[in-house]
Amino acid sequence: MQTHSSSVVAVKATRALSELIERDHATVEEFERDLERNVSALKRANPSHASLFNAMQTVLVNVVDREDTVAEAKSLLEDVIDRVVEDVQQGKSRAAQNAVSIFEDGETFLTHDFSSTVLEAVETTAADGNDLTAYVTEARPRFLGRKTARRLAEVDGVDTHLMVDGAAGTFLEDCDRVVVGMDCIVEDTLYNRVGTYPIVATANRLDVPVTVVGSAAKIVDDGFVFENEFRSPAEVSLEPIEDVVIENPAYDATPVELVDEVITDNGVENL
């Protein structure tokens with residue numbers, strides 16, 4: 001969860017449930033209780049990941065109270081795990097393919113954090129022969145933007161620039177668009193790596209269009225409450241500062257009304 005996207009976490013968590021198939025359960029009820037306990041534990045592992053929440057909920061809804069024998073229930077769980085994993089993985093790729101069309105040859109874009117879906121869209125459009133210029137924020141905390149910059153630098157046709165988060169406003173006027181991924185969208189709020197909100201707000205002020213790209217599984221409207229992660233103060237200052245409280249949130253909240261379009265595996269979403 002510290003180094004991978006929320007979609008990857010959802011896939012790994014879903015596959016982890018397959019361990020229950022090898023356990024001994026005397027009754028279907030015992031098996032379902034075991035499944036429910038493990039699903040609950042996995043959801044608590046990162047309450048900020050909507051795709052993890054949705055994957056776990058999908059497994060429960062499609063397995064519990066569906067079969068009469070333990071063997072049937074376990075066989076069903078195996079099938080559902082495969083289907084959920086495939087849906088998450090294909091959802092990312094379809095969203096990336098749907099986002100390819102937003103890029104034009106010679107464009108300059110700014111991106112924040114690390115989104116495997118955004119990266120796939122850029123790699124695909126570059127492979128089609130389009131040359132792009134990318135401005136990438138380093139994305140604190142954890143500097144995952146540096147990982148993005150390294151990936152983009154390996155793509156032929158992408159001229160990559162890395163900058164500190166606070167410099168985004170300096171370069172936005174040179175950009176044709178902002179393209180970011182998403183941790184999740186809950187009702188009318190986009191939750192993403194901290195720093196997304198000021199970038200989107202500034203882009204909005206400068207009339208630079210903002211596109212959010214990600215799997216539709218990351219859009220939730222009920223049953224999910226986003227919980228921010230507050231990371232170690234040592235990431236901001238290795239030495240304690242007397243009488244200073246160090247704040248280090250991992251995510252921020254951006255009103256969806258500031259976003260021009262949200263592209264998922266379903267196409268352009270109407271939010």
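**Rings, cores and a buried threonine**

Modeller: Let's start with a charge over a ring in this predicted model: Arg146 sits over the face of Phe143, 3.9 Å from the ring centre.

Biologist: OK, and which ring does Lys147 lie over?

Modeller: Lys147 lies over the face of Phe114, at 4.4 Å from the ring centre.

Biologist: What about rings with rings? How many aromatic pairs does a search of the whole structure find?

Modeller: The search turns up 5 aromatic pairs. One of them is Phe103 with Phe109, an edge-to-face pair with 5.4 Å centre to centre and 70° between the planes.

Biologist: Are Phe103 and Phe109 buried or exposed?

Modeller: Phe103 has a relative accessible area of 5%, so it counts as buried. Phe109 is buried as well, with a relative accessible area of 0%.

Biologist: Now Phe226 and Tyr251. What geometry does that pair have?

Modeller: Phe226 and Tyr251 are edge-to-face, 5.6 Å centre to centre, with 85° between the planes.

Biologist: And where do Phe226 and Tyr251 sit in the chain?

Modeller: They're in distant parts of the chain, 25 residues apart. Phe226 is in the loop between β8 (219-220) and β9 (251-255), while Tyr251 is in strand β9 itself.

Biologist: Why does Phe226 count as buried, given that it's in a loop?

Modeller: Because its relative accessible area is 14%, and the cut-off for buried is under 20%. Tyr251 counts as buried too, at 6% relative accessibility.

Biologist: Which residues make up the cluster linked by ring pairs?

Modeller: Tyr191, Phe226 and Tyr251.

Biologist: Staying on β9, what's up with Thr254?

Modeller: Thr254 lies in strand β9, and at 0% relative accessibility it counts as buried. A polar atom of the Thr254 side chain lies 3.4 Å from the backbone nitrogen of Tyr197.

Biologist: Which residues is Thr254 in contact with, leaving aside its neighbours within four places in sequence?

Modeller: Thr254 is in contact with Asp188, Thr189, Leu190, Thr196, Tyr197 and Val200.

Biologist: Switching to the nonpolar stuff. Which residues touch the most other members in the largest core?

Modeller: That core has 25 residues, and Leu17, Leu35, Met56, Val59, Val63 and Leu77 touch the most other members.

Biologist: Which helices each supply at least two residues of this core?

Modeller: α1 (6-16), α2 (28-45), α3 (50-63) and α4 (70-99) each do. The largest share comes from α4, with 8 residues.

Biologist: Can you give me Met56's contacts, skipping its neighbours within four places in sequence?

Modeller: Sure: Met56 is in contact with Ala13, Thr14, Leu17, Val39, Leu42 and Lys43.

Biologist: And which residues does the second core include?

Modeller: Among them are Ala95, Ala149, Val158 and Val179, in a separate core of 23 residues.

Biologist: Zooming out, how many helices and strands does the chain have?

Modeller: There are 8 helices and 11 strands. The radius of gyration is 20 Å, close to the 18 Å from the globule rule for 271 residues, so the chain is as compact as a globular protein of that length.

Biologist: What box do the C-alpha atoms fill?

Modeller: Roughly 65 × 55 × 35 Å, taken along the principal axes.

Biologist: Last bit: what share of the chain is buried?

Modeller: Buried residues make up 51% of the 271 residues. On contacts, take those between residues at least 6 apart in sequence: 78% of them join residues at least 24 apart.

Note on methods. Residues numbered from 1 in each chain as written. Predicted model: local features only at pLDDT ≥ 70, side-chain atom pairs only at ≥ 80, totals over all residues. Heavy atoms only, no water. Core = buried A, V, L, I, M, F, W, Y, C linked by side-chain atoms within 4.5 Å. Buried < 20%, exposed > 50% of the residue type's maximum accessible area, 1.4 Å probe, protein only. Helix = DSSP H or I, 4+ residues; strand = E, 2+ residues; numbered from the N terminus. Contact = heavy atoms within 4.5 Å. Phe/Tyr/Trp six-rings, centres within 6.5 Å; stacked < 30°, edge-to-face > 60°. Lys NZ or Arg CZ within 6 Å of the ring centre and 35° of its normal. Polar contact = N/O pair within 3.5 Å; in protein donor to acceptor, adjacent residues only side chain to side chain. Rg over C-alpha atoms; globule rule 2.2 N^0.38 Å.
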